[in-house]
Amino acid sequence: MRKVMRIFDLTGIVQGVGLRPTIYGLAARAGLSGWIQNRSGRVRLRLEGDSQAIGEFMRQLPGRLPPNARLDAVVERESGELAEGEGSGGFRILPSDLSEPVEVVIPADLSLCADCRREVLDPANRRCGYPFTTCTRCGPRYTVVEAMPYDRARTTLSGFPLCAACGAEYTDPSDRRFHAESIACPRCGPQVTLCDADGVAMQGNPLREARAALARGETVAVRGIGGFLLAAWASNRDALQRLRARKHRPHKPFAVMAPDLATVRCVCEVPPEAEALLTSPEAPIVILDVRPEALRDARLPFDLLTPDSPTLGVMLPTSPLHLLLFAPLAGDPVPPFEWLVMTSGNRGGEPICLTDREAHARLQGIADLYLSHNREINLRADDSVAVLQRGGAQLWRRARGYAPNAVTLAQPLQRCVLALGAELKNAVAVGYADRVVLSPHVGDLETPEALDGLEQVARALPLFLERRPQCVAVDLHPDMHATRLGRRLADEWAVPVVAVQHHHAHAAAALAEHGLESGLALVMDGTGLGTDGAIWGAELLAVAPAGYTRLATFAPVPLPGGDAAVRQPARQLVARWADAGVGVDAARLARLGVSEKEAEVWRQQSARGIHAPLTHAAGRLFDAFSALLGFAPEAVTYEGQSAVRLEAAAGRATGLTLPRVPFDCVENNGLLVVDWRKAFERLADPGAFVGRECEWALAVHVAVAEAAMGMIDFGLSKSGGTTPVVLSGGVFMNRLLTDRVVARLERQGVRVLIPRRVPPNDGGIALGQAVVAGRGLIECV
Ligand SMILES: [Zn+2]
Ligand SMILES: [Zn+2]
């Protein structure tokens with residue numbers, strides 16, 4: 001019988017996930033000949049054999065993929081009959097074809113898999129205790145890639161030729177390490193090193209010495225998959241206090257790592273969705289609720305780990321190096337650790353360190369020891385952060401494991417865009433065809449190091465993807481660092497710039513993630529320049545492909561001192577009182593840590609509009625209420641702190657009857673405006689709330705949810721009521737608020753969507769900018 005051949009192109013997540021070896025095994029079992037080959041951004045598969053067998057093979061393929069692979073499309077390229085005697089030469093894996101740059105997909109890094117974990121802890125295995133154990137199902141990808149397509153020769157492992165034993169695994173089709181590009185072993189692979197605070201190499205077994213240092217309460221800088229982390233023993237109060245003081249980080253929660261799920265369960269509630277996230281190949285930090293009994297018997301020093309809220313950011317070991325810090329190997333006298341702090345290896349505001357040189361320079365005075373290695377990290381990837389929102393995962397920081405996987409759009413873009421993102425929680429994006437590739441979290445653009453990191457990734461991402469941006473998208477705010485860099489790059493490349501309004505970008509991102517181009521979007525956040533020069537941040541937008549209409553907002557209030565009022569919430573409260581015409585006595589001000597003189601300056605600034613921009617932002621309303629009820633700190637030490645404390649307080653509310661926080665809604669020329677002056681009038685006298693602060697904190701959440709519903713109902717009435725609604729912006733990281741608004745809308749039968757795979761905060765802005773600018777409908781400026 002004549003045999004046939006058919007050639008297919010497979011696209012999706014098809015490289016760096018063990019697809020070629022899997023297909024090799026399947027083809028061999030099915031008795032098919034042919035070959036498989038990595039090409040730029042896809043895999044080409046040639047099958048030779050009986051026509052029916054090939055058809056059956058292709059039908060079954062989607063259900064037989066390796067765990068981390070994803071087939072987005074299978075396109076048949078060619079088919080034909082074979083000559084007599086052809087088609088029985090066996091199946092081969094061909095070397096990668098580098099000749100045709102088409103579509104590039106950069107694989108994301110994968111967390112330590114269960115098989116490799118077992119091997120690393122097995123005294124009989126040749127990889128026992130080896131911190132760089134990987135296979136087709138785990139290990140670094142994006143962070144070690146130097147060029148595409150993904151092959152060992154184009155990674156930072158190229159300098160480590162495989163030994164005979166590893167080579168045998170790499171070429172054995174039945175082995176888990178068949179064609180696994182990042183594998184290594186103690187004989188042929190990278191090695192760990194330990195240096196003291198001065199960067200001098202230390203004697204002894206590096207892992208054992210590092211564990212001993214952790215047990216003494218010292219801080220160890222650990223070079224992980226995507227950069228340095230700072231590790232400390234989470235049960236040791238002195239260690240935590242020292243780390244907080246050295247990092248100048250008094251309150252922002254520390255992420256912690258536990259060796260296994262059982263340990264996590266002793267301290268935190270772990271619903272099945274959270275378990276799935278913790279154990280996924282992406283393995284993000286998952287923000288979990290601490291169990292009440294664990295809080296009560298202070299099983300960990302929660303006051304030092306997470307001072308503002310009864311939640312804990314938890315992750316499991318993401319690489320064997322992390323795992324080996326927990327578990328003692330034979331001969332190590334230091335007992336196992338249950339919890340280690342694993343916080344970003346940076347000085348406040350800077351990106352995490354990548355190289356040893358950076359670490360030794362920038363972590364000086366913070367780290368006591370440096371546990372490093374010679375598997376170089378080419379590109380930075382922080383740990384991702386996820387939370388359960390309405391029972392499902394929502395990313396708050398999109399980095400290791402998720403980036404740079406693409407977001408697929410329902411409608412293709414007209415042109416290739418580089419989008420620069422915003423000032424805080426920055427990430428950049430490249431949009432082209434029907435996809436947007438977001439970079440890993442770059443961070444806050446507050447330091448020269450962060451700006452360097454931004455420029456590096458903004459230049460590298462289009463190059464990797466082999467795309468030349470035809471325009472650059474930036475925020476409407478001209479003074480953001482990201483905006484300035486975007487304009488400079490656009491000049492250099494001689495391409496136009498598109499400035500996208502901040503909340504329009506939030507809305508477009510949330511819609512795009514759910515395959516939508518139009519809908520109502522309620523965006524609540526802390527800041528974003530509006531088209532009228534005021535600060536927006538409580539915006540109901542009706543979004544269409546061609547643009548948006550602003551339908552509702554909060555009434556503007558002066559922000560005396562601008563950013564200074566964000567850092568010192570009492571300023572905002574004084575401005576709110578002045579705005580509501582409420583007089584406040586000196587004793588009341590003293591309780592806020594404010595003198596009558598200071599308050600008078602802020603009142604004057606607000607009244608005359610001197611260095612007091614107007615803000616509509618919902619984030620600022622939460623700041624003012626948090627200050628009013630006594631939860632806000634005098635000086636905020638991390639973004640959103642006042643709101644985090646207010647949400648935590650609301651969670652402690654016990655009263656059966658909730659007080660009501662009054663507000664007004666006024667329609668003005670088609671714009672619905674929510675005015676909160678009555679609330680600040682009502683609560684001017686502390687007698688109104690003292691002793692019931694937590695109930696009032698909950699009442700504030702209820703009132704903001706009601707206001708949000710009023711705004712959305714207004715928008716729905718204008719659009720005939722069938723439009724989908726998306727909720728986005730950093731304020732919707734507030735779970736209490738999101739829960740109430742979503743539940744209400746669902747009860748009304750409204751289709752409501754929240755960001756899931758892209759953060760609701762400014763980490764998702766670049767996606768929206770890319771979508772808006774890529775459609776090419778908006779005037780270039
Ligand atoms: Zn593995
Ligand atoms: Zn080896």
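**Close-up views of the predicted model**

**View 1. Zinc ion (ligand 2) and its four cysteine donors.** Cys163 has a relative accessibility of 13%, so this residue counts as buried, the limit for that class being under 20%. The model shown in this and the following views is predicted. Cys163 is one of four residues that coordinate the zinc ion (ligand 2), the others being Cys166, Cys185 and Cys188. Each of the four binds through its SG atom, at 2.2 to 2.4 Å. The site is tetrahedral because the angles subtended by the four donor atoms are 104 to 116 degrees. For reference, the ideal angle for four tetrahedral donors is 109.5 degrees. Along the chain the donors of the zinc ion (ligand 2) have the spacing C-x2-C-x18-C-x2-C. Distant parts of the chain are linked by the pair Cys163 and Cys185, which are 22 residues apart: Cys163 is in the loop between H3 and H4, and Cys185 is in the loop between H4 and strand E6 (192–196). Cys185 is also buried, at 0% relative accessibility.

**View 2. Buried and exposed residues of helix H4 (residues 164–171).** Which residues of H4 are buried? They are Cys166, Glu169 and Tyr170. The three lie on the same side of H4, because the arc they cover around the axis is only 100 degrees. An α-helix has 3.6 residues a turn, so residues three or four places apart point the same way. Ala164 and Thr171, on the other side of H4, are exposed. Cys166 also appears in View 1, where its SG atom is a donor to the zinc ion (ligand 2).

**View 3. Pro186 in the loop between H4 and E6.** Pro186 has a relative accessible area of 35%, so this residue is classed as partly exposed. Beyond neighbours within four places in sequence, the contacts of Pro186 are with Arg126, Arg127, Tyr130 and Gln191. Between the C-alpha atoms of Pro186 and Glu119 the separation is 13 Å, while along the chain these residues are 67 residues apart.

**View 4. Zinc ion (ligand 1) and its four cysteine donors.** The SG atoms of Cys113, Cys116, Cys135 and Cys138 coordinate the zinc ion (ligand 1) at 2.3 to 2.4 Å. Angles among the four donor atoms run from 102 to 120 degrees, and the site is tetrahedral. The donor residues of the zinc ion (ligand 1) follow the sequence spacing C-x2-C-x18-C-x2-C. Cys116 belongs to helix H3 (residues 114–121) and Cys138 to the loop between H3 and H4, so this pair ties together parts that are 22 residues apart in sequence. Are Cys116 and Cys138 buried or exposed? Cys116 is buried, at 0% relative accessibility, and Cys138 is buried, with a relative accessible area of 1%.

**View 5. Asp9 in strand E1 (residues 4–13) and its contacts.** Asp9 is buried, at 2% relative accessibility. The side chains of Asp9 and Arg42 are joined by a polar contact of 2.4 Å. Apart from neighbours within four places in sequence, Asp9 is in contact with Arg42, Val43 and Arg44, as well as with Ala73, Val74, Val75 and Arg77.

**View 6. Strand E21 (residues 497–500), covered on both faces.** In a regular strand the side chains alternate between the two faces of the sheet. In E21, Val497 and Ala499 are on one side and Val498 and Val500 on the other, and all are buried. Strand E20 (residues 471–475) runs parallel to E21, the two being joined by four bridges. In this pairing Asp475 is opposite Val500.

**View 7. Strand E23 (residues 538–544) with strands E22 and E24.** E23 is largely enclosed by the rest of the structure, because five of its seven residues are buried. Strand E22 (residues 519–524) is antiparallel to E23 and joined to it by six bridges. Here Met524 is opposite Ala538 of E23. E23 also pairs with strand E24 (residues 547–554), again in the antiparallel sense, over five bridges. In that pairing Val543 is opposite Tyr548 of E24. How many residues form the hairpin connection from E23 to E24? The hairpin joins the strands through two residues.

Notes. Residues are numbered from 1 along each chain as its sequence is written. Chains are lettered from A and ligands numbered from 1 in the order in which they are written. This is a predicted model: local features need pLDDT of at least 70, side-chain atom pairs count only at pLDDT 80 or more; totals for chains, interfaces and linings use all residues. Side-chain values use heavy atoms; hydrogens and water are left out. Buried means under 20% relative accessible area, exposed over 50%, partly exposed in between (1.4 Å probe, protein chains only). The arc is that of the directions from the helix axis to the C-beta atoms. Donors are N, O and S atoms within 2.8 Å of the metal (3.2 Å for Na, K and Ca); water is not among the atoms, so sites may look incomplete. Four donors count as tetrahedral if all angles lie between 85 and 135 degrees; four count as square planar and six as octahedral if opposite donors are over 155 degrees apart and all others between 65 and 115; anything else is irregular. A polar contact is a pair of N or O atoms within 3.5 Å; within protein, one must be able to donate a hydrogen and the other to accept it, and residues adjacent in sequence count only if both atoms are side-chain atoms. Contact means heavy atoms within 4.5 Å. Two strands pair if DSSP finds at least two bridges between them.
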